[in-house]
Every structure is written in structure tokens, then in C-alpha cells.
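Below are my comments on the model, set out as numbered points for you to read alongside the sequence and the coordinates.

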Amino acid sequence: MKKSTAISLHIPPKMWSEFRESMLKSRMFNEEVIGFLFCQRHQVSKSKIRYIPKTWVVPASDCYEHQSTSGLVLKQHFHSYLLENHLQVGLDVVHIHTHTGQGIPDFSHTDDRYESEYARFISSNFPKKPYLISGVFDENLQSGQFRIWDRKGQKFEYLNFCNSLFEVSKFEDVINHDDSIFARQKIFGKGNQKALNQLKVLLIGCGGIGSIFAELLGRLGVKNWVLVDPDRLETTNLNRMPSATQEMVEQQWHKVHYVKHLIKKIYSEGSSVKTIVTTVESELAKQEIATCDLIVVATDNHFSRKTAQELALQYMRPLVCLGTHIDMKSDNTPRMYCRVTVPPLGGAWCLMCGNIINLQRAALESAPLAINQIAANAGYLEGVNDPAVFWLNSICASTGVGVIHGMVSGFLNVDSGIDWIYEFPDGNWRKTNTEYLQNDDCYFCGMGSLEEVVEDSDFEDSDFEDSDFLGSDVEDSDFDNSDFFVW
Ligand SMILES: [Zn+2]
Ligand SMILES: [Zn+2]
């Protein structure tokens, strides 16, 4: 661990509040409580590492040998079960415990001693050599701090903790080359404007919806973009892409370069726009996902939406999905829809289990050309001839930008996700009740069965022996097993 590397732990707001609630509930009297998060490590860039939780466990009071204000001892077989299940697959441990009182507590000397041993113990007993991150919080789990230990248990480093949707800071000084651009947005607060100015958005699909979206979100203050789209501008795009010209079509502009041009017209300096002329399935695009604060998908195909959702789950990035649909009723009057979907960060439901996208169609779209031809002939794929108009795309893009404005500023709660469908000419927004979308065992977004308070009785029939768990390669002979479970 080099000093220059920034390490952060990003826990989605909903997961943190559920975890926190479980911790508080597991307390019987006034004693300390502990909980575990098992995290995946993402190397975001050369100088940034982010930990994101894959699952969490809060032991119920019957999982302890002792539980008091002075320390905790977890039952050995329970603790072994936890580590066996999570560390074999390459996750790192986040151990959180509380101290009595309010305000940010300090790690005690006892914490130092046991955490050091624990860090050494897990790294020498599991083939993937997991790291230990430890956190100490006040009794209400309101304020706390985290540190990460090296594998020898000799040194630690403090890390940044984020339990909001975005890691951007509302307090950081941002250089705005011309602050007066945002004079009419002052009402939303200076901090929120700063957050928008720092936000980095990955936009998948720079077509009819994506381009308007970029223009609008750009004007709101978003200056950092990664644009992903393999296509070039065509004449058939000109009915719905702002400022696109016949000349650009003749010069065979890529759509990503055209959208970059839109952003650069707003910010001649101080903006950063990366263009990737390929689909989101490519490695190049995937590498960018972790570096972004938000993924927006505005493509006309289900396969790229599915991929975007999978990546959003894998890297735990918020996702906003935009789409429109137009068809004709039998009496020749049009039905027009637009849809804005934000699946909850960190699971509960996703585009796949919420039936927001059609998996069968996604599979067809990823199939080789010949199969696609057959499917198209059978009427399965509509493709580029999907009807689309500028004004309907604009309603969709505008609403998407409004939702993001609310997510950044905090005036819209998307913790349980949202799915809004606008119908025209009725002119109604229908809001899907997201409770109906929740799905505990989705193949894509299921978090595993341990995401809960576990009772000791759940493990009584676990058949491994303590000695198996510790193995023969424990080097330090004075390791006393029971010590590892004390905090
Ligand atoms: Zn402590
Ligand atoms: Zn799902």
C-alpha cells in the first residue's frame, strides 16, 4: 500500500441503513456490538482503490460466548463459518464494532492488538490473502472511522468512508471558469452545484435520447463524461439530435464525437470528455465503469441495457435507464411512452428481475447476424426503424436529468429505486410500485442469503471442525483461537 493511493469504502445508503439497524437491534443491553461486511476490491485507477460490499452479516446475541461493554467473543464455529464462506471466494473483511458514547470514537489499545492479530491471521490462513478493514463507531452508529491493515498486521492506513449515492464532495473547492453560468441555479445550494461539477457520468448510447440528455445535464453543470457508442451520425438521426447537421453526416462523424462537441460548446475549458467508439460490452468501456460516479444507458437495444445493469451491480455504481416507445393502435392512433428507471443501488431489484428489459430480446440482439436476420424476419427485432420523435425523447431525457439532479441534491429519494412511465396523449406519469419489483433470488442482483441478522442455531449442523478451519499452516504457535473473536 503506497501512501499516494486513495482508498475508499463505498456502502450504498440503503444497505448501510439496514446494516446499522441490524447492529442496533442485536444489542441486548448497553454492550458493544459487531457486524461484518464482505467486500470486493476494485482498482479504480493507479492511485485509487475502492471497496464495495457484496454481503453483510450481523451476528445475533446467541452467536457470542460473551457480550459485554468490555469486549466480545464470537462462538468459534459461527465465526469459522463466516470466514470460510466469504474469504475463500476472494472477498476482504470489514469488521465494524461500536464503543459506548457519542462522537467519533478512537480505536483502543485492545482494538490495535486484536486487529493486528486478526489481520495477520486471515491473510495467512486463506489462499487469497484477504485484507482486514476495521471500523469503530459510536453507540448509535452515527459517526465512526475506518482503517485498513497490511497483511502482516504491522501498519494501517485510514480510509474514506462513503454511505451516500455518490462519492463526490459538496465541500470540495471546484474551479469554475465562469461561476455566473450557474447564477440561476443558486437556489439549489452551492454544495449541490459543486457536486454536479465534479460528477463523472458514463453515457451509453449517444443517439436520440443520449444526445439531448447530455446537452441538458451538461447545462446543469456536469462537465466530466465518458461517452460510449459505436455508431456514426446518419441522415435519419437529424430529426431528433440537437445541432446535428447534414455536414456532420457527410463527414461521417461518430455520435460520441458529436456529443463531445455539444459539451465542449458549453464548456470551452474545464471539462473532460472521453470518447469510446465501441459498445459497452467491450473491455475498453468496462474499464471506465469503475471510474465513473453514475451510469446512464440510453440505447435502443436490450442487450446493452442488460450489460450496463450487470456492470452497475458489479461495480456498485448508480444506474439510470432511459427509453421511449411508439406504436400504433388498431384504430391508427399512436400510443407513446417514455420510461425512466433507476434500480436501487446494491440490489433488491434490477432491470432483469423487474422485467424492465426483455432477456429473450437481449439474447437475440447478442446473437450472430444470421440468427438476427431470421429473428427480424419473424418480427422479433425492430432495430433502427423504431419510430422516434424529438419531443418525446426530450420529455424522457429532461425527466432523467431531473431525477439525477434530485439524486445529487438529495431532494429525490431513490433508495428503493424508481420506475416511471409517461403516457401520451393521456399525459400521465405512472409510477411503478417498486415493492412489487423486489426479488430476493434474482440471478443478477441477488446478494446471497447471509444479508441479515444470523442466529447461532442456523449453524448448529455445520459439520466442519475447528481444527480443519485453522489448518496446519498457522505459523504462530501462540495463536490462541479464542483471541481472534474478542474486541
Ligand atoms: Zn473497540
Ligand atoms: Zn434482479
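1. In what order do the 8 strands of the open sheet stand, and is the pairing mixed? The order is S12-S11-S10-S13-S14-S15-S16-S17, and the pairing is indeed mixed, where two strands pair if DSSP finds at least two bridges between them. S12 and strand S17 (428-431) stand at the edges with a single partner strand each, so one side of each is left without a neighbour in the sheet. From one strand to the next the twist averages 15°.

2. On the basis of the model: it is predicted, local features need pLDDT of at least 70 and side-chain atom pairs count only at pLDDT 80 or more, while totals for chains, interfaces and linings use all residues. Residues are numbered from 1 along each chain as its sequence is written, and chains are lettered from A and ligands numbered from 1 in the order in which they are written.

3. The chain has 13 helices and 18 strands, these being DSSP runs (H or I, at least four residues, for helices; E, at least two, for strands) numbered from the N terminus. Of its 487 residues, 40% count as buried, that is, with 20 or more other C-beta atoms, placed from the backbone, within 10 Å of their own.

4. Within the sheet, strand S10 (residues 200-204) runs parallel to S11 and is joined to it by 5 bridges, with Leu227 of S11 as the bridge partner of Leu203. Leaving aside neighbours within four places in sequence, the contacts of Leu203 (C-beta atoms within 7 Å) include Trp225, Val228, Val296 and Ala298.

5. Leu203 is also, with Ile295 and Val296, among the residues with the most contacts inside the largest nonpolar core, which has 116 residues; such a core is a set of buried Ala, Val, Leu, Ile, Met, Phe, Trp, Tyr and Cys residues joined through C-beta atoms within 7 Å. Helix H12 (residues 390-409) gives the largest share, 7 residues. Because domain 1 (6-165 + 447-485) and domain 2 (179-413) both contribute residues, this core lies between them, the bounds coming from an automatic or database domain assignment.

6. Helix H7 (residues 255-266) lies across S11 and S12, at about 175° to S12, the angle being taken from 0 to 180 degrees between N-to-C directions of axes fitted to C-alpha atoms, for helices over the stretch in contact. Its buried residues include Val256, Val259, Leu262 and Ile263, and what covers the buried residues of H7 includes helix H5 (208-220) and helix H6 (246-250).

7. Elsewhere, strand S1 (residues 6-10) runs parallel both to strand S3 (residues 48-59), through 4 bridges, and to strand S9 (residues 156-162), through 3 bridges. Ser8 has Arg50 as its bridge partner in S3 and stands opposite Asn160 in S9.

Definitions and conventions:
A residue is buried if 20 or more other C-beta atoms lie within 10 Å of its own, exposed if 12 or fewer, and partly exposed in between; C-beta atoms are placed from the backbone. Two residues are in contact if their C-beta atoms, placed from the backbone, lie within 7 Å.
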